[in-house]
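User: Hi! Could you walk me through this one?
Analyst: Happy to, here it is.
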Amino acid sequence: MEWKGIAAASGYAMGPAFLLKEEKVTVAKRTLKPEEVDMEVKRFDAKVQQAISELEVIKEKARQKLGDEEAEIFSAHILVLQDPEYTGAIREKIKSDAVNAEAALQEVTDNFIMIFESMDNEYMRERAADIRDVSGRVLQRLAGIEEKSLENFSEPVVLIANDLTPSDTAQLNRDKVAGFATNIGGRTSHSAIMARSMEIPAVVGLKGIVDAAKDGDYLIVDGSQGLVYINPSEELKASYHEKQKKYEARQAEFKKLKDEHSITADGHRIELVSNIGNPQDAVGAKRNGAEGIGLYRTEFLYMGRDNFPTEDEQFEAYKAVAEQFGKESPIVIRSLDIGGDKHLPYLEMPEEMNPFLGYRAIRLCLDRTDIFKVQLRAILRASVFGNVKLMYPMISSITELRQANQVLAEVKNELRVANIPFNDKMEVGMMIEIPAAAVIADQLAKEVDFFSIGTNDLIQYTMAADRMNERVSYLYQPFNPAVLRLINMVIQAAHKAGKWAGMCGEMAGNLTAIPILLGMGLDEFSMSASSVLPARALVRKLNRAELTTLAEKVLEMETAEEIKLFVEEQITAIAQIQD
Ligand code: PEP
Ligand code: MG
């Protein structure tokens, strides 16, 4: 039987199912006699201490297996248990309501989880899982249930769980756990992030898989397509064994390229960098061979909280990313791109008929220079810690670009007066994601250091086709001739002015698009971390000189289908890398 979920970590896993059933603790509320209250608080504190000690051990394991940054998740868990707002509230409840620790813990935790889950931002919603994980641990210990080991399987298993907690994931041993599949979770849940870092194939969000599979069932986890099969046919098993062999051989080949340059067969060097949403992502980017960061979406720093991040908080985050990569590697920090579908609960925004055409990104920042300036100060301060570059989103006219640069000049002045160091030569670029900007790219190019083409938006605005509307997705086509011609115009305009052009929309990591973009002369390709090595493998097989002719031909073609077919026929390496 086939199950479709969310592809969380690519690769294929096969083996007997092992159901990781949560031992349900049923919490019965019990009223305490006055003389029992102190003892109950002590019992609670002892179990919290036990949980903290366990987490210290798990953290150390995670540090050894996954590195310092991943281990930080457990520092965050420990902090939850040391947070007086949380454990203090539970202690208070035991005392004030004279109830048992289990009941107090559950009530306070439910409240905390509700607050996190009601947040707009997926990342923060998924942090509710952290609190659930930590409280679950304490609850189990209160109920006398001790930790179970995930390291003693006699043969590699496929783990099935409602949700694999980060602490479960950190204890996974790749030799013992071939893959996992869970009922809940998204691509950015910790279990998914960790599965990717540990390279354990995983599918999440499979609603109902826990009830469908039994211990010992034979399972296939297709982490590349987000599919799971329970007791598949022999034929399907054989075809997956074949896929797995090929996949592993290819991964091993990719790995060899981690520290290599991104250079074509005829010696043309480009930059393969990564898109990130927070400092944690930079670790994965580095591990996957990214040569820097081509898009740091800073809005995630602003989301899922109830006030603006301070200048210092921002500075620390930007500096952390810069330091991760060292002095040379480019780190492109995009200024706040809020509005559209991204809202801040603490910033009142007007109701709009068309938010994607409304008050967002640079438009908002130019109106609210108080918000904008804090961010610019933080970015400038971080600029002395690496090769930091600033990038404005959603610029549609030269006036906006000049206004933004004016604010930047004012902020630089303020820093100068205050004797705060920054890199006065920090490169300043802009995204090209509005057709108007692409059309006047020759004018804009004179006043920026670089362009980064944001195809996610550029396609939707060019085709007047909402990037999130399935019904018009046939129009939302990166290979549409209108889109390709605009991209080409932008690259040529940049080069004519002696500037570099990059791309940070999803298209930059598309293996079929890469030869066309290389042929047009794109200098920098920014993509999700896991796309970097396949892209590098492809680039190293390509011949830049031939691609120039390929791009010229493509620019004369009339339909997206024709273009895709043509490129995939011409460049056989795409198929070799893709499957
Ligand atoms: C884009 O529009 O291509 C882009 C990279 O920005 P975002 O996806 O954040 O809108
Ligand atoms: Mg965009």
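User: Let's start with strand 12 (residues 330-334): how many of its residues are buried?
Analyst: Five of the five are buried, so strand 12 is largely enclosed by the rest of the structure. Buried here means under 20% relative accessible area, exposed over 50%, and partly exposed in between, with a 1.4 Å probe and protein chains only. Strands are DSSP runs of E with at least two residues, helices are H or I runs of at least four, and both are numbered from the N terminus.

User: Before we go on, what should I know about the model and the numbering?
Analyst: It is a predicted model, where local features need pLDDT of at least 70, side-chain atom pairs count only at pLDDT 80 or more, and totals for chains, interfaces and linings use all residues. Residues are numbered from 1 along each chain as its sequence is written, chains are lettered from A and ligands numbered from 1 in the order in which they are written, and side-chain values use heavy atoms, leaving out hydrogens and water.

User: Thanks! Back to strand 12: which residues sit on each side?
Analyst: P330, V332 and R334 are on one side, with I331 and I333 on the other, and both faces are covered.

User: And which strands does strand 12 pair with?
Analyst: Strand 11 (residues 293-297) runs parallel to strand 12 and is joined to it by three bridges. Strand 13 (residues 387-392) also pairs with strand 12 in the parallel sense, over five bridges. Pairing requires that DSSP finds at least two bridges between two strands.

User: What are the partners of I333?
Analyst: Y296 stands opposite I333, and L390 is its bridge partner in strand 13.

User: New topic: which protein donors does the magnesium ion have?
Analyst: For ligand 2, they are E433 (OE) and D457 (OD), 2.0 to 2.1 Å from the ion. E433 lies in the loop between strand 14 (428-432) and helix 16 (435-439), while D457 is in helix 18 (residues 455-463), 24 residues apart. Donors are N, O and S atoms within 2.8 Å of the metal (3.2 Å for Na, K and Ca); water is not among the atoms, so sites may look incomplete.

User: Are those two buried or exposed?
Analyst: E433 is buried at 2% relative accessible area, and D457 is buried at 3%.

User: Last one: how many disulfides are there?
Analyst: Zero, counting a pair of cysteine sulfur atoms within 2.5 Å as a disulfide.

User: Why is C365 not bonded?
Analyst: Because the closest cysteine sulfur, in C504, is 16 Å from that of C365, too far for a bond. C365 is buried at 1% relative accessible area, and C504 also counts as buried, at 1%.
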